[in-house]
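User: Hello! I have a protein model open at the bench and would like to walk through it with you. Could you take my questions one at a time?

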Amino acid sequence: MNLLGRSRIITEQALAYSFTRRAMVLGAGQFGIGALLAGRMAWLAIAQKDKYDKLAESNRVQSQLIPPRRGWIVDRNGLPIAINRTNFRVDLIPDRLQDPDQVIDELRAILNLDRDDVQRIKDALDRSPGYQPVPVAEDVPYEKFAAISVRQLDLPGVAPSSGYARAYPAGAAVGHLVGYVGPAAIEDYQRTHDPLLITPGFKIGKEGIEKVMEPWLRGRPGAKRTEVTAHGKLVADLTTRPEEMGHTLKLTIDAPLQEYAARRLGTNSGSAVVIDTVHGNILAMVSMPAYDPASFADGISKAEYAMLSADDHTPLQNKVVQALYPPGSTVKPMVALALLQAGFDPQERVNCSGVLRVGNGLFHCWRHSGHGPIDMHRAIQQSCDVYFWTMGRRLGIDRLAPMARAMGLAQHYPLPLTGQRSGLVPDSAWKLARYKHPWTQADTVNASIGQGYFLIKPLELAVMASRIASGKALEPRLIANRRYGPQGGGLGLTDEQLALVHAAMRDVINSGGAGTAGSARLQVPGVEMAGKTGSAQVRRITMADRAAGRTNTMLQPWKYRDHGHFIGFAPALEPRYAIAVSLEHGAHGAAAAQVARDIMTFLYAPDRAQTTLAALEQGWGGDIRTRMAAQAERWNADHDSSPTPQQEAPEADSNGEVPD
């Protein structure tokens, strides 16, 4: 009996059939896999050919961007203001560094880096994303550059390169005019992902004209392709696409005048602006003291930046467009024009006794004994406060303010400058909106001599001088190779009204000492300058000060002295140039007038002006570069934190122990 049931009979035919079926399944599987592999190979070889060709090429060929040279900045006659010079530099690429400390130590030995340089590099590495180059040194001597280049395979992450750096022949004299360049910020790259921004040696405008005119000044990068081994060793140069230099930017500036004005400001904290009264071209625009733009372009040290930041003369501020001061008596010619436009008689006299009572307050004229009966001409010539207080009250602030704005005050000008501020011309509506209080007679008294709420930047003073001189609403211009529309509409003033004010401003200087700026008389035959001084109070002179005789601000500490302003134009009868000089805490406008005299002299008799300057610079301690170098030396001596021999840590013995 078969306990397992009916058994299955396996025949030879069944075995053959089973084998054939399995072979077919296996063959189909093999064919399918083969087809997939063939298809994949076809896909990689045909459809992805370009991709893998590029990857293979990248293993053999390196492509490197060549930073473009920036366009030159030149003056109106083509003289260089900002140019390019050859430069050897060394950078670090954080992503490629294997041992940063060892690399920095080796670079310190080769390049003689000091402690501040090493700390700057380490701080930059900590902050920098891996792709952004970290500057190590610029202007590297060729011998040291070559020493690093031949060891580049042993210094992974070190990127020596040769190219061009920005140079400014006039140094600090053009610092606030053109600004400076520097490496692109991380945010710049993250916003555009332009590889040029992280190319070693490439720099963009960071301040001033260099920044505003960046699209015009920046050229197009080139590219260099080189064949290398698997270890990165150069085999051969393949192809090079040359870079395209940026466009040349021509300014209206007169470079020799710009440098002279900067030097003539001397040790003062101040500014000077010269404008061509025919075309509105700015011929000089100086703020001093200033920084050397090359310091920022090459990577300013912590010590130098700290010195600039701590200076109470604010060398980091472009005073021409960023500083705001009360204009003081420089507005008196403008106020006179407002009076004439409103129909006031210029022959009408006001009795100046030296003081004017307004309500419960007393306002004292600068001449304590008074000017006596005085008309408009003499009031401008001798800067009588009581005359303008009296006439200003009758005119009213809401008829005075429109003339001030028409003369260019409290305006923002379309110039390629950064950080431009606008002054303030107050009126009754402004005060009510700002302080929720009505305008008062005392407010008008203050405004009529450029005090109180009145604020201007020095550029506005220069524009006012050019408009008074020309009788046209000139707009200041700084770019010469740009097309402009017609220049200067009318101001609503007659030739007779302008002539009256011009004559009074002429006598401020050329009336044998009767005016307030006799020392500003030009020593140039046949050329007279017209002008107006102004002293802007920094602090109020109290009755106690007057009783104690403390009215002379020259006897006060520097920061409490009045600001000194001067506006003027020459020749007085047929104006060609207008000027404005402001001296922070200069004590009186006459000091600013003397600076303006020498700058204006340079336009007509440069040799005479240079002789005057040479004598002055001997007393100041040399020219700008010499004084800046001496200042840096004093700063470093006063802030030297390096240990003295007594302070240096004792050396450890052979066991690594330090003695007590």
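Analyst: Happy to. One definition to start with: two strands pair if DSSP finds at least two bridges between them. Please keep in mind that this is a predicted model.

User: With that in hand, how many bridges join β3 to strand β5?

Analyst: Strand β5 covers residues 158-167, and β3 and β5 run antiparallel. One bridge pair places Asp91 with Ala159 in β5 as its partner. The number of bridges joining β3 to β5 is 10.

User: Which residue in β4 stands opposite Leu92?

Analyst: β3 also pairs with strand β4, residues 134-137, in the antiparallel sense. That pairing runs over 3 bridges. Opposite Leu92, the residue in β4 is Val134.

User: And in the hairpin of β2 and β3, which residue takes a positive phi?

Analyst: Strand β2 (residues 73-74) and strand β3 (residues 80-92) pair in the antiparallel sense over 2 bridges, and Ile73 stands opposite Ala82 in β3. The hairpin has 5 residues between the strands. The one with a positive phi, near 85°, is Gly78.

User: Let me zoom out. What share of the 660 residues counts as buried?

Analyst: The protein has 25 helices and 21 strands. Among its contacts with a separation of 6 or more, 73% are between residues 24 or more positions apart. Buried here means under 20% relative accessible area. By that cut-off, the buried share of the 660 residues is 47%.

User: Now helix α25. Within what arc do its buried residues fall?

Analyst: Helix α25 spans residues 624-638 and reaches 21 Å from its first C-alpha to its last, close to the 21 Å expected at 1.5 Å a residue. In α25, Ile624, Arg627 and Trp635 are buried. Seen down the axis, the buried residues of α25 line one face of the helix, while Glu633 and Ala637 are exposed on the other side. The one-face reading follows because their arc is 75°.

User: Which elements does that buried face pack against?

Analyst: The partners of the buried residues of α25 include one strand, β12 (282-288). The others are helices, and the full set is α10 (255-264), β12, α12 (302-310) and α24 (606-620).

User: I always check the prolines. What is omega for the cis peptide bond that joins Met288 and Pro289?

Analyst: Pro289 is found in the loop between β12 and α11 (293-297). The bond from Met288 to Pro289 is cis, and omega is about -5°.

User: Where is Pro571, and what is omega for the peptide bond from Ala570 to Pro571?

Analyst: Pro571 has its place in the loop between β20 (563-570) and β21 (577-583). The peptide bond that leads to Pro571 from Ala570 is cis, with omega near -15°.

User: Ala587 has a positive phi. Is Ala587 buried or exposed?

Analyst: Phi of Ala587 is near 80°, a positive value in a residue other than glycine. Ala587 is found in the loop between β21 and α23 (589-604). Its relative accessible area is 8%, and the cut-off is under 20%, so Ala587 is buried.

User: How does Thr314 come out on relative accessible area?

Analyst: Thr314, in the loop between α12 and α13 (319-322), has a phi near 45°, again positive in a residue other than glycine. Partly exposed covers what lies between the 20% and 50% cut-offs. Thr314 is therefore partly exposed, with a relative accessible area of 30%.

User: How far apart in space are Leu196 and Pro221?

Analyst: Leu196 is found in the loop between α7 (186-192) and β7 (204-207), and Leu196 is buried, with a relative accessible area of 2%. Leaving aside neighbours within four places in sequence, its contacts include Leu65, Phe202, Arg218 and Pro221. Leu196 and Pro221 are 25 residues apart in sequence, yet their C-alpha to C-alpha distance is 7.4 Å.

User: Last one: what is the volume of the largest cavity?

Analyst: There are 2 cavities of 30 Å³ or more. The largest cavity is lined by 14 residues, and those nearest its centre are Pro133, Pro183, Leu197, Thr199 and Phe202. The volume of this largest cavity is about 100 Å³.

Definitions and conventions: Residues are numbered from 1 along each chain as its sequence is written. This is a predicted model: local features need pLDDT of at least 70, side-chain atom pairs count only at pLDDT 80 or more; totals for chains, interfaces and linings use all residues. Side-chain values use heavy atoms; hydrogens and water are left out. Helices (H or I, at least four residues) and strands (E, at least two) are DSSP runs, numbered from the N terminus. The expected span of a helix is 1.5 Å times one less than its number of residues. Buried means under 20% relative accessible area, exposed over 50%, partly exposed in between (1.4 Å probe, protein chains only). The arc is that of the directions from the helix axis to the C-beta atoms. Contact means heavy atoms within 4.5 Å. On a 1 Å grid over the protein atoms alone, a cavity is a set of points where a 1.4 Å probe fits but cannot get out, and a pocket is an open set with protein on both sides within 12 Å along at least five of seven lines; lining residues have an atom within 4 Å of a point. Grid points are joined across faces, edges and corners, and a volume is the space filled by probe spheres set on the points.
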